[in-house]
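Here are some friendly notes to read with the coordinates open beside you. They go point by point, so feel free to stop and look as you read.

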Amino acid sequence: MAEAADRNGAAERIGYITRVQSFSACHRLHSIHLSDEENKKVYGKCNNPNGHGHNYKAEITVRGKIDHVTGMVMNLTDLKRCIEEVIMDPLDHKNLDKDVPYFASVVSTTENLAVYIWDNMVKVLPPNLLYEVKIHETDKNIVVYRGE
Ligand SMILES: Nc1nc2c(c(=O)[nH]1)N=C([C@H](O)[C@H](O)COP(=O)(O)OP(=O)(O)OP(=O)(O)O)CN2
Ligand SMILES: [Zn+2]
């Protein structure tokens, strides 16, 4: 297999590293673009005005060159700090619809939550490193967003 070489002639290896973070939040599925009746029809029980909660699990994956000197794609301790800033501070133990301004006009589906996390992770990570945001809403419902 052909491998690119770095400036010292060493083979360039690409690695993927993931940090997992759990957080809890409540929400209600409700679109401002739909009538109350349409909202009920589309979202069913998830449109209940009292809302409901999830113990979400986010998996943040970065992809990049394994640095010949440090042996790392990036320091996982730095990734942990980024996750604190982007996920834990604004989202943990929050009402997504009421406490997070982004979701005042964007319905708080797990797809949109993944996009929100992606858009904010790219602002704090080194350029071109973020590969994937995966959110487990429940054990059975999982969403992946790769910035497309
Ligand atoms: N495409 C999406 N569909 C749904 C989303 C979503 O984010 N994207 N979210 C929900 C609700 O938030 C809901 O909490 C999930 O409901 P449900 O599937 O009923 O949840 P469970 O998997 O826990 O239910 P089981 O009864 O255990 O199957 C709905 N749809
Ligand atoms: Zn839900």
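The points below cover conventions, the ligand shell, the annotated positions, the helices and a few backbone details.

1. Conventions. This is a predicted model, in which local features need pLDDT of at least 70 and side-chain atom pairs count only at pLDDT 80 or more, while totals for chains, interfaces and linings use all residues. Residues are numbered from 1 along each chain as its sequence is written, and chains are lettered from A and ligands numbered from 1 in the order in which they are written.

2. The ligand shell. Which residues surround ligand 1? They are L29, C46, H52, T109, T110, E111, E137, T138, K140 and N141, where a residue is near a molecule if its C-beta atom, placed from the backbone, lies within 6 Å of it. By class, two are nonpolar, five polar and three charged. In this scheme Ala, Val, Leu, Ile, Met, Phe, Trp, Tyr, Cys and Pro count as nonpolar, Asp, Glu, Lys and Arg as charged, and the others, Gly among them, as polar.

3. The "binding site" annotation. An unreviewed UniProt entry gives this label to H27, H52 and H54. These residues span 28 residues in sequence, yet no two of their C-alpha atoms are more than 8.3 Å apart, so they gather at one spot. Please keep in mind that UniProt positions are given in the numbering used here, feature names are shortened, and annotations may be inferred rather than shown by experiment.

4. H52 and H54. H52 is in strand β2, residues 52-65, and H54 is in β2 as well. Helices (H or I, at least four residues) and strands (E, at least two) are DSSP runs, numbered from the N terminus. H52 counts as exposed because it has 11 C-beta neighbours inside 10 Å, whereas H54, with 18 other C-beta atoms within 10 Å, is partly exposed. The cut-offs are 20 or more other C-beta atoms within 10 Å for buried, 12 or fewer for exposed, and partly exposed in between, with C-beta atoms placed from the backbone. Leaving out residues up to four places away in sequence, H52 touches C26 and C46, and H54 touches A25, E137 and T138. Contact here means C-beta atoms, placed from the backbone, within 7 Å.

5. The "active site" annotation. The unreviewed UniProt entry puts C46, H93 and E137 under this label. C46 lies in the loop between α1 (36-43) and β2 and is partly exposed, with 15 other C-beta atoms within 10 Å. Beyond four places in sequence, C46 touches L29 and H52. H93 sits in the loop between α2 and β3 and is exposed, with 11 other C-beta atoms within 10 Å.

6. Helix α2. This helix (residues 76-91) has 16 residues and reaches 21 Å from its first C-alpha to its last, close to the 22 Å expected at 1.5 Å a residue; the expected span is 1.5 Å times one less than the number of residues. Where is the kink in α2 centred? The centre is E84, and the kink is about 40°, the bend being the angle between axes fitted to the seven residues ending at a residue and the seven starting there. L79, C82, I83, V86, I87 and L91 are the buried residues of α2, and they pack against β1 (14-27), β2, β3 (94-95), α3 (96-99) and α4 (110-124).

7. Helix α1, for contrast. α1 is hardly covered, with a count of zero buried residues among its eight. Just after α1, G44 takes a positive phi of about 55°.

8. R19. This residue is in strand β1 and is partly exposed, with 15 other C-beta atoms within 10 Å. R19 touches I60, L76, L79, K80 and I83, not counting residues up to four places away in sequence. The C-alpha atoms of R19 and S31 are 12 residues apart along the chain and separated by 31 Å.

9. Positive phi values. Most residues other than glycine have a negative phi. H93, which is not a glycine, has a positive phi of about 60° and comes just after α2. N128 is also a residue other than glycine with a positive phi, near 60°. N128 is in the loop between α4 and β4 (130-136) and counts as exposed, with 10 C-beta neighbours inside 10 Å.

Methods
Two residues are in contact if their C-beta atoms, placed from the backbone, lie within 7 Å.
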